[in-house]
Amino acid sequence: MEIRLLKSSFDDDGSASDHQHTACFVVNGAVAFDAGSLAMAIGADRPNVRDIVLSHTHLDHIAGLPLFIDDLFSTLRSPIRVHASLTMIEALRSHIFNDVIYPNFEEISNEFGPVLEFREYEFEREFSVADISILPIKVNHNEPSAGFIVSDASGSIALTGDTADTSAIWEAAGQLKDLRAIVVECAFPESMTKLAATARHLTPLGLKAELRKLGRRDLPVYVANIKPMFREQVVAEIEELGLSNVRIFPVGGVISV
Ligand SMILES: [Zn+2]
């Protein structure tokens, strides 16, 4: 399985920054998990991505979704499929695709037909998209938020999305015989523990406690969704934890597991 974390901002010289402002992971070049910078940074995979799976509806996870549909509008031969819980779908209908913030793409067709289709998923119920199986599991963040067990023929990963301390996804991941890697968030440094708790994110010590729940030290763990303003501090604190299997997910990079 290949997982790419899209870039989301620029340095002063115009090159892509390693600071992550938004969240969008593309699995096997075909399925996007969240859509933070999907329109802006998908690059060569643009013709292949037609399924987008949402973890929750915070702006940094959906900002590139309306623009992605807009970019492709005239060329789509089949609709973009957005997989989300009913609450998330209703939020997108009410607050984004409402003809105020952006057009209601559910109601506007191009010459080939509809361009946007919402597909509801249920928590704890596995579904399949483009040879990938996806099990959404509730995590501890904005209500509702999902983490995912993502599986293909090569094995499975756990992708936590945004979350504070949680348990169900660790229990599910711990039962998998083919678990290959963990992709987990760690948004804030230790000095901001209070804000992390309020915003329901992890700090490095919180991350360490979460990984203990999994009960395995042999799997590679990739840390993503680090708040860009605190990236250097969070990275230094994660290194200080001394966990040899934990590394930082490179922004714009691909991991193969
Ligand atoms: Zn969030």
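**Exercise 1.** Work out how strand β5 (residues 80–84) is joined to β8, and by how many bridges.

*Solution.* Start with the terms: strands are DSSP runs of E, at least two residues, numbered from the N terminus, and two of them pair if DSSP finds at least two bridges between them. Here five bridges join β5 to β8, and the two run parallel. For one concrete contact, take Ile80: its bridge partner in β8 is Leu116.

A quick note before going on: this is a predicted model, where local features need pLDDT of at least 70 and side-chain atom pairs count only at pLDDT 80 or more, while totals for chains, interfaces and linings use all residues. Residues are numbered from 1 along each chain as its sequence is written.

**Exercise 2.** Place β8 in its sheet and say which strands stand at the edges.

*Solution.* Write out the order first: β8-β5-β4-β3-β2-β1-β16, seven strands in an open sheet with mixed pairing. Now look at the ends: β8 (116–120) and β16 (254–256) each have a single partner strand, so one side of each is left without a neighbour in the sheet.

**Exercise 3.** Do likewise for the sheet that holds β9 and β15.

*Solution.* Seven strands again make an open, mixed sheet, ordered β9-β10-β11-β12-β13-β14-β15. The edges are β9 (127–129) and β15 (246–248), each with a single partner strand, so one side of each lacks a neighbour in the sheet. Inside the order, β11 (residues 146–152) and β12 (residues 155–159) pair in the antiparallel sense over five bridges. Val150 stands opposite Ile157 in β12.

Key. Helix = DSSP H or I, 4+ residues; strand = E, 2+ residues; numbered from the N terminus.
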